[in-house]
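Please look at the sequence and the three-dimensional model, and then follow the explanation step by step.

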Amino acid sequence: MMKRTLAKGIILGISLLLGACSSLSQEECAAMSWYNLGFADGEQGKAPDASKGYADSCGEYGIRVDQAEWQRGYKKGLELYCIPELAYRKGREGTEYQGVCPNDETFLRQFERGRQEYQLAARLNELSNAISQNEQDIYQLEQRIRKENDSAQRDSYRYQRERAIRRDRALRDEYNRLRYPPRVIEFKL
């Protein structure tokens, strides 16, 4: 019951956030500090055309976006977003990079290093979950083999178990290969 309530709350929260991203109310448009909004968008690394959505939303109410102020704030926010020393963390967190930084090469190098670690961690997590699920499948098949009286069905379960065992070995091999890569010792002459 609690999980279901939590899931509904998360879904509602996400839908509200997505709705807030796509449009602004008339009151928000009228009271908006375009500099602050631009700063926040820049600090989050949003694409430079992010203000177009605001122009569309506020245009419905006859309110114009102060593009100059938004751009000024956006550039300041990008200064914080584009710090190469923070790029690694952004990549490690799995955020998407929109190609917005002026020092793209330095930023990208650090971002990609973090992104590779994020992808590795995600793959290891996938493999770990698959191994756990496969172990459960093997256990259930063993239980069925013990309880089954029909020899043809028992042979079918044994065949399925053997396939699951082979899959388990393959999953564990990949997990270990990724988790514990071989170390290369480089000798310099």
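The paragraphs below begin with the whole chain and then turn to particular helices.

This structure is a predicted model. The protein chain contains eight helices and zero strands. Its pattern along the sequence is accordingly written α-α-α-α-α-α-α-α. Of the 189 residues in the protein chain, 24% are buried. Among contacts in the protein chain with a separation of 6 or more, 60% join residues that lie 24 or more positions apart.

Consider next helix α3, which spans residues 34-43. Which residues of α3 are buried? They are Trp 34, Leu 37, Gly 38, Asp 41 and Gly 42. These residues lie on the same side of α3, because they cover an arc of only 135° around the axis. A general property of the α-helix helps in reading such a pattern: with 3.6 residues a turn, residues three or four places apart point the same way. The cover over the buried residues of α3 includes α2 (26-31), α4 (51-59) and α5 (67-81). Just after α3, Gly 45 adopts a positive phi of about 75°.

One of the helices in that cover, α5, deserves a closer look. How do the axes of α3 and α5 cross, and what distance do they come within? The two axes come within 6 Å and cross at roughly 30°. Angles under 35 degrees count as roughly parallel, and α3 and α5 are therefore roughly parallel to each other. The crossing in which α3 passes α5 is right-handed. On the α3 side, the residues in contact include Trp 34, Tyr 35, Leu 37 and Phe 39. On the α5 side, they include Trp 70, Tyr 74, Leu 78 and Tyr 81. By class, the residues of this contact between α3 and α5 divide into nine nonpolar, four polar and five charged.

A second pair of helices lies further along the sequence: α7, residues 104-147, and α8, residues 151-179. Their axes come within 9 Å and cross at roughly 160°. Because angles over 145 degrees count as roughly antiparallel, α7 is roughly antiparallel to α8. The crossing in which α7 passes α8 is left-handed. The contact of α7 with α8 has 14 nonpolar, three polar and 12 charged residues.

The two pairs may now be set side by side. Helices α3 and α5 are roughly parallel and meet in a right-handed crossing, whereas α7 is roughly antiparallel to α8 and passes α8 in a left-handed crossing.

Notes
Residues numbered from 1 in each chain as written. Predicted model: local features only at pLDDT ≥ 70, side-chain atom pairs only at ≥ 80, totals over all residues. Heavy atoms only, no water. Axes fitted to C-alpha atoms, helices over the stretch in contact; angles between N-to-C directions. Helix = DSSP H or I, 4+ residues; strand = E, 2+ residues; numbered from the N terminus. Parallel < 35°, antiparallel > 145°, perpendicular 65-115°, else oblique. Left-handed = near helix turned anticlockwise from the far one by under 90°. Nonpolar A, V, L, I, M, F, W, Y, C, P; charged D, E, K, R; others polar. Buried < 20%, exposed > 50% of the residue type's maximum accessible area, 1.4 Å probe, protein only. Arc of directions from axis to C-beta. Contact = heavy atoms within 4.5 Å.
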